[in-house]
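User: I'd like a close look at one part of this model, and then a walk outwards from there. Take your time with it.

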Amino acid sequence: MSRAAASRRGLCDIFGALGQEGLRLFFPLAALHAAVWPLLWSVAYGLDLPFAGAVSPGLWHAGEMIFGSYGAAVLGFITTAIPEWSNTESPRGRRLFALAGLWAVGRIVGLTGAEGMLLAATLADMLWSAILVAYVLRVSWRKRTTGLLGIAAWLAALAATAAFVRFAILAGGDAAGRQAVHVAGLVMLGLLGLVLSRVTVPVTNLVLDPSEESSPFRPHPGRRNLAPALVAVAIAAELSDLSPAVQGYLLIAAGAAFLDRVAEGFIGREALRTEILALAGSSLFAGAGLLLAGAARLGAPFPETPAWHLAFMGGLGLGVLAVFTIAGLRHTGRPLGTAVAVRVALLAAVAATLLRVLPELGLMPYPPGSPYALSAALWAGAFLVWLKVYWPYLSAPAVSGSGSCGDAATGATAR
């Protein structure tokens, strides 16, 4: 076989492997976007965008993090977890690559701030999120279960906010745009709450009993959906234009519900396991950010911006990395356990969040140079290190001899 033929065969094998399961394709895409886009915006572009005009570059940045980095994480998680939870066929091959193509349309527009292509980006983001809603509802109908309807509702809200963010920015300027971004971020936090409620229990039981013969960890069922429910109430208050005081108290209530989840990590000495710390840390940052945002609404002497970064960058970002780390092992046939490099990556994400938030809260001086350069570099390093460690796992076929280009091209399903 010639060198060119061997290279083509190698690419075929990689694309075939990526098309086997949603997380194999979308987790690397999410990691690349999370690493490259903020670094370009804060360092290469100097907090600007090449073709940005009426729309604030900061709002472009916020929207891209929510629908770009976290959107790809949602795509990978939903197309992987729903088949596992429902024991149904998983989307693969052409279906996954088509979703990736829709997701990429918005990212290309967001990379440059090309406002003339804003409608195309909005429609693409609405379409892939609507497809996820239809997929979850279809599975729910086929399995005659209501257990997935909550996820479908939050995904429907995500599809709606894709339009809300863009049109609010164009119609109402920065103030309307900021409110829309806050709502979109809160929708992602609602999804995060649901994901953590489903992921934390099996992971904690696996840590406590690696043999999987028992389930020693059983949290109170009333706490399972408390955080998402209170986030939904906070969103309703935001959209209803209630007084800042009412909005502030509801944000504090939602934050307290996330902090309540942190207590689930106190499981004895096993609480020091990286997986448990990362999941609890995600809830901690999300809860603390919502508490601070609520306090700012009530007149606390600091702006809301660092509070939202703490919730969206720290809570969502650390949660995404934690799920990437855990699911990337379990779905490639590897035992639970975090590599040293990935532990460093998780710490880098925490450090990036604190460097972004603490100076704006007046708790530390800004680092030398560009105010966000060091934070963006640590953030990028966290996701790139994760990708370097996990790429060999995700790009290798799950079964020897499977995952060829032919398999990916058929768009077949397997379970």
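The part I mean is arginine 144, which lies in the loop between H5 and helix H6 (149-208). What is the phi of arginine 144, and is arginine 144 buried or exposed? Please go on to what lies around it in the chain.

Analyst: Bear in mind that this is a predicted model. Arginine 144 has a positive phi of about 50°, and that in a residue that is not a glycine. As for cover, arginine 144 counts as exposed because its relative accessibility is 61%, and the cut-off for exposed is over 50%.

Now step back into the helix before it. Arginine 144 follows H5, a helix of 26 residues that runs from 118 to 143. Does its length add up? At 1.5 Å a residue, H5 should span 38 Å, and its end C-alpha atoms are 38 Å apart, so the two values agree. Leucine 118 belongs to H5 too. Here the surroundings change: leucine 118 is buried, because a relative accessible area of 5% falls under the 20% cut-off. Leucine 118 also has a partner far along the sequence: phenylalanine 167 sits 49 residues away, yet the two C-alpha atoms are 9.2 Å apart in space.

A second positive phi turns up at asparagine 87. Its phi is near 55°, and asparagine 87 is not a glycine either. Asparagine 87 is placed in the loop between H3 and H4, and it is exposed, with a relative accessible area of 59%. Threonine 88 is in that loop as well, with helix H3 (57-86) on one side and helix H4 (94-112) on the other. Threonine 88 is buried, though, at 6% relative accessible area. Its side chain has a polar contact, at 2.7 Å, with the side chain of serine 86. So this loop holds an exposed residue, asparagine 87 at 59%, and a buried one, threonine 88 at 6%.

Glycine 299 gives one more positive phi, near 105°, and it comes after H9. H9 covers residues 274-297; its 24 residues reach 34 Å from first C-alpha to last, close to the 34 Å expected at 1.5 Å a residue. H9 is largely enclosed by the rest of the structure, because 18 of its 24 residues are buried. On the other side of H9, in the loop that joins it to helix H8 (244-262), you find glutamate 264. Glutamate 264 is a loop residue that is nonetheless buried, at 8% relative accessible area. What does glutamate 264 touch? Leaving out residues up to four places away in sequence, its contacts are Thr200, Phe217, Pro219 and Arg223.

Helix H7 (residues 226-239) is worth a stop too, for isoleucine 235. Isoleucine 235 counts as buried because its relative accessibility is 9%, under the 20% cut-off. Neighbours within four places aside, isoleucine 235 is in contact with Trp154, Val183, Leu186 and Val187. Glycine 190 is 45 residues from isoleucine 235 in sequence, while their C-alpha atoms are 9.7 Å apart.

For a bit of contrast, go to the surface. Leu32, Val36 and Leu384 make up a nonpolar patch there, and together they have about 230 Å² of accessible area. Valine 36 comes from helix H2 (residues 22-44). Valine 36 is partly exposed, because 40% relative accessible area lies between the 20% and 50% cut-offs.

Finally, the whole chain. It has 13 helices and zero strands, so what you have been walking through is α from the N terminus on. Of its 415 residues, 52% count as buried. About 17,200 Å² is exposed, with carbon and sulfur atoms supplying 66% of that area. Among contacts with a separation of 6 or more, 79% link residues 24 or more positions apart. Back where we began, then: arginine 144 sits in the loop between H5 and H6, exposed at 61%, with its positive phi of about 50°.

Notes
Residues numbered from 1 in each chain as written. Predicted model: local features only at pLDDT ≥ 70, side-chain atom pairs only at ≥ 80, totals over all residues. Heavy atoms only, no water. Patch = residues over 30% accessible without salt bridge, like charges linked within 9 Å, V, L, I, M, F, W, Y side chains within 5 Å. Areas by Shrake-Rupley, 256 points an atom, 1.4 Å probe, with all protein chains shown as cover. Salt bridge = Lys/Arg side-chain N within 4 Å of Asp/Glu carboxyl O. Helix = DSSP H or I, 4+ residues; strand = E, 2+ residues; numbered from the N terminus. Buried < 20%, exposed > 50% of the residue type's maximum accessible area, 1.4 Å probe, protein only. Polar contact = N/O pair within 3.5 Å; in protein donor to acceptor, adjacent residues only side chain to side chain. Contact = heavy atoms within 4.5 Å. Expected span 1.5 Å × (residues − 1).
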